[in-house]
Amino acid sequence: MNRKDPQKDRRDQEKNSSPELEYRMGKIFSSLGHGMYVVDKDRRIIMWNKASEYILGWQSEEVLGLDCEEFIGHVDDSGNNICESSCPLKKSMNEGRTVFAGTVWAKTKSREKKPVNVSCAPVLDDSGEVYGAVEVFSDATLEKMIDRMKTQMCSVVAHELRTPLTVMKLYLDMLIDQDPGEINDEQMEMLRILQDNVDRLASLVDDLLDLERIESGRLVLHLEELDLQSIASELIEEFKPLAIEKGLTLKSKMSHVPEISGDRKLIRQALSNLISNAIKYTNKGSVEISLKTEGESIVFEVTDTGVGIPPDELKHLGERFFRASTAQVSEKKGSGLGIAITREILDKHKAEMKVSSAPGIGSTFRVIFPMLNSRTTAQKGGDDFVQ
Ligand SMILES: Nc1ncnc2c1ncn2[C@@H]1O[C@H](COP(=O)(O)OP(=O)(O)OP(=O)(O)O)[C@@H](O)[C@H]1O
Ligand SMILES: [Mg+2]
């Protein structure tokens with residue numbers, strides 16, 4: 001039987017009373033393994049924990065009262081100042097929600113750049129008003145290093161595979177054309193299977209080399225004013241035969257949109273990957289492609305009635321070699337690099353990609369391009385990449 005103990009109740013009440021709670025929260029705050037700091041509405045530091053001192057080198061007495069931009073100065077992989085264009089702290093305060101900024105760079109006291117995984121959330125006062133925000137971050141140096149090693153290894157392997165593959169393709173084509181002599185149907189069938197697989201391997205190698213080129217920063221964008229409508233129409237014509245072959249309806253809903261600034265070849269590749277996926281992962285129904293203006297953005301959308309992606313797997317979309325369980329069950333072949341390339345290309349163009357999907361119902365991939373000369377350029381992926 002639960003008998004009430006008034007003394008225990010009072011002790012509990014005292015424990016949860018403000019000073020006691022604040023004291024305990026302070027202890028938790030300072031002993032957290034993650035870097036954590038709180039800013040007021042003007043982004044001035046009001047709390048700075050021990051892990052922040054350890055990761056970034058500044059002691060709390062050195063930074064209290066400073067604007068965090070002055071000394072942390074988050075930048076993205078391309079060196080763009082995030083604090084100016086898309087501060088996650090400000091965004092969390094403005095939108096009243098947690099914002100995941102993903103991996104960005106922070107300056108340490110010794111002026112090194114350190115990769116950190118960042119998320120920010122608004123802090124509310126007793127009346128529910130936003131009075132500041134909290135940033136939680138962890139050191140991502142090791143993750144970045146492993147990532148770089150993976151990329152380097154993949155690129156070395158890809159480079160080494162390229163030459164033998166070219167030779168194999170050449171001889172296979174000659175055999176299929178029966179240049180050295182006639183071959184029978186059974187041999188032809190075998191050669192075709194061989195050709196299919198060599199083509200797959202060659203496209204994997206190309207994708208790996210593309211990714212390496214983009215990630216290493218060696219990619220030079222050839223920017224021009226692009227008419228997305230003509231690119232989308234070209235792609236629809238290109239994919240029509242494939243859709244018809246699969247018995248899918250390929251619909252399009254285009255409105256005239258202003259030109260964007262972009263690299264034609266890369267933008268084409270990014271949009272083509274999305275349409276190709278929509279057709280690949282849809283067995284019946286339709287794929288709809290639309291293009292429209294929304295406020296100061298241009299939105300390209302691909303909606304399908306395909307296998308979809310389970311909600312808990314959406315966050316992995318864009319990771320190299322990621323393949324959703326729905327794709328694996330449906331036994332569609334693929335290497336899981338297309339979206340990673342698309343994402344990198346879109347990032348380079350300051351375009352955002354949002355995905356909504358439901359297994360068995362379908363998916364919508366939405367690409368939001370900033371309008372040319374628009375002051376409110378689309379922000380880099382990170383938190384909003386997958387929703
Ligand atoms: N429209 C879609 N419908 C359902 N799943 C999708 C769709 N687009 C992408 N996916 C899922 O995301 C994964 C990654 O896509 P991505 O294009 O990167 O790789 P892939 O299609 O497997 O191979 P490839 O590198 O040859 O394109 C896919 O394997 C699939 O699980
Ligand atoms: Mg693909």
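Me: What pLDDT does the protein chain average?
Reply: This is a predicted model, where local features need pLDDT of at least 70, side-chain atom pairs count only at pLDDT 80 or more, and totals for chains, interfaces and linings use all residues. Residues are numbered from 1 along each chain as its sequence is written, with chains lettered from A and ligands numbered from 1 in the order in which they are written. pLDDT is the predictor's confidence in each residue, from 0 to 100. Here 91% of the residues score at least 70, and the chain averages 87.

Me: Where does the largest nonpolar core lie, and why?
Reply: Such a core is a set of buried Ala, Val, Leu, Ile, Met, Phe, Trp, Tyr and Cys residues joined through C-beta atoms within 7 Å, buried meaning 20 or more other C-beta atoms within 10 Å of a residue's own, all placed from the backbone. This one has 41 residues, with L228, L271, V302 and V367 making the most contacts inside it. Domain bounds come from an automatic or database domain assignment. Both domain 2 (144-215) and domain 3 (223-384) contribute residues, so the core sits between them.

Me: How far apart are the end C-alpha atoms of helix α8?
Reply: Helices are DSSP runs (H or I, at least four residues), numbered from the N terminus. The expected span is 1.5 Å times one less than the number of residues. For the 36 residues of α8 (residues 141-176) that gives 52 Å, which agrees with the model's end-to-end value of 50 Å.

How values were computed:
Buried ≥ 20, exposed ≤ 12 C-beta atoms within 10 Å, placed from the backbone. Helix = DSSP H or I, 4+ residues; strand = E, 2+ residues; numbered from the N terminus.
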